[in-house]
Each structure stands twice: as C-alpha cells, then as structure tokens.
Amino acid sequence: MTANLEPTPATDPHSAGAAIGVEGAVRDVVVVDGLTKTFPGPPSVTALHPCRFTIRAGEYVAITGASGSGKTTLLSLLGLLDTPTGGSYLLDGVDVADLDDTTRSALRARRIGFVFQAFHLVGYRTVIDNIALGLLYQGTPTRERRVRARAAADQVGLGHRRHARCSTLSGGEKQRVAIARTLVRNPSLVLCDEPTGNLDTATTRQILNLLDQLHHTGLTIVVITHDPTIAAAAQRHLTITDGHLTEIRREHATTP
Ligand SMILES: Nc1ncnc2c1ncn2[C@@H]1O[C@H](COP(=O)(O)OP(=O)(O)OP(=O)(O)O)[C@@H](O)[C@H]1O
Ligand SMILES: [Mg+2]
C-alpha cells in the first residue's frame, strides 16, 4: 500500500502555528479507535484493551499507570514499533494498518521521535555528532545535518557544550542530547518512555521545563511515566489500569 509520507503543508511542528492546518482546522496527529494488543503467550496477555482517543497537533499528553499496566505497549503501538491485534490507528491522517514494513519504517523515521530512559548515545562522539545522527537515514547532506544539529543543540540549551564528548556529560545533559537528536528531524510526534527515570529530582525538573518549552513551540509530545510531577506538568493526563486506558479530566482542561 502506498501512503503519502510528506508532512502536511504549513504544519512545521516547530512553528507556533503547528496545530493549525491549511484550512484553519486543528490537525489530529493520532486518531486511535478500538486499538488493542494481546500477546499470544501462553498464557496470553491482553496488555491493551480496546481504547479510543485523539491527540491533536501541539498537545502534551502524559500517560501514567502501574508497572505492567500497558504503558510501553501503547507507546510501541503509537511509535509503530509493534502492530496491534485489533483496532485502527491514523498517524497524521495515514492509516498504518496495511502498510508494508518498508513504508511503515519510513513513516516512523519521518514522523516519530523517541526519547527513552536510557539515552542511547555514542559516548566517544561529540554532542553535535550525536544530534546529527538523528538525520543520518534521511539523506540530509552532511553540511545541512551539522547546521540543523547545531540549532537543535542551542534549542535544548547545550550550544556551549556542542563539541564535548557525550561520555563526559551529566545525565541531564545526555537526555538533552537525546531530545535534540529527536528534534532535529522535525517529528510530528515525540514519544517519551520514562524520560527522567534515570535522573535526580533537580535534573528531572530541568527536563520537564525543556519539554514544556518544546510544547509551547508547537511540538506534540506523549510522555509515559510513573512520575506524578510529569503528569501534573502535562496538558492532558491519560492513565492505564490493567490495560484499560482512561482520561483523567481536569477542571481547567482546555481539550474536550
Ligand atoms: N512481548 C511480550 N510478550 C508477552 N507479554 C508481554 C510482552 N510485552 C509486554 N507484555 C506484558 O504486557 C503487560 C504490559 O507490559 P508493558 O511493558 O506495556 O507495561 P508498562 O506499563 O510499560 O510497565 P513498566 O512501568 O514496568 O515499564 C505486562 O503484563 C507484560 O508482562
Ligand atoms: Mg514500560
């Protein structure tokens, strides 16, 4: 099946107008209906029961839940790292159900950024090199890769450390590099799985501030976390209990 993998026009995710499509409507980045995942086992485990939700461009969503509740399972489905056993998923308007592996990988590379608890950096290479690696498989010319990597380093507050080897950085700085490596690709959706799980309280606060700043530039962010502070910082809060997803409504919530 062929799919249009190009970003929707006039929706640069780094512009303040990212949530507004060409006709002025708010763009849906994620539309999930009946999405479910059962691992065959034995014994079989339904890690995610059928769920239905939408994430609009520019939203910042936290997903909480106890260990084993299904958070990473959901993130893997949203990130096209795994396939559901039921339901539908539209990513930026593309129905991912029937994509072949190559198209699926291309869609993932172009549209999705991942930030994990482990930073997955190349320690002996510099900050700039690690950030530029985010563009390696996109066919971006070397010079442009470095220009964009430098801008992303500035964006996460690491411009002054751009020539440092990653092995010499603090945990918080390493996570900033990992975030910049994701940002440099202009993803439609940034998926974070326990991004502050390895960080102390003060550094967690700094990373949360960074995510908040990025949200205010129009980035669409989903953070999976055990941490109630992260959930409180996000614009929306979903929670999973034994594979059942529900939205926690807030009185001041701006989203329906
Ligand atoms: N590949 C798999 N095969 C079988 N069962 C799996 C597989 N992956 C996950 N599970 C099961 O699905 C359930 C949800 O797992 P998941 O990793 O999504 O939980 P989680 O909420 O991310 O937990 P944690 O907070 O500990 O990371 C668990 O019961 C887990 O054992
Ligand atoms: Mg997990």
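The following paragraphs describe a ligand site, a sheet and one helix residue in a predicted model. Residues are numbered from 1 along each chain as its sequence is written, and chains are lettered from A and ligands numbered from 1 in the order in which they are written. Because the model is predicted, local features need pLDDT of at least 70 and side-chain atom pairs count only at pLDDT 80 or more, while totals for chains, interfaces and linings use all residues.

Ligand 1 is surrounded by F39, V45, A47, G65, S67, G68, S69, G70, K71, T72 and T73; a residue is near a molecule if its C-beta atom, placed from the backbone, lies within 6 Å of it. This shell comprises three nonpolar, seven polar and one charged residue. In this classification Ala, Val, Leu, Ile, Met, Phe, Trp, Tyr, Cys and Pro are nonpolar, Asp, Glu, Lys and Arg are charged, and the others, Gly among them, are polar. At least two shell residues come from each of β2 (45-56) and α1 (71-78), and α1 gives the most, with three. Helices (H or I, at least four residues) and strands (E, at least two) are DSSP runs, numbered from the N terminus.

An open sheet of six strands with mixed pairing runs in the order β6-β7-β8-β3-β9-β10; strands pair if DSSP finds at least two bridges between them. Its edge strands, β6 (112-116) and β10 (244-248), each pair on one side only. Within it, β7 (residues 189-193) and β8 (residues 221-225) are parallel and joined over four bridges, and V190 has I221 in β8 as its bridge partner.

V147 lies in helix α4 (residues 142-155). V147 counts as partly exposed because it has 13 C-beta neighbours inside 10 Å; 20 or more would make a residue buried and 12 or fewer exposed, with C-beta atoms placed from the backbone.
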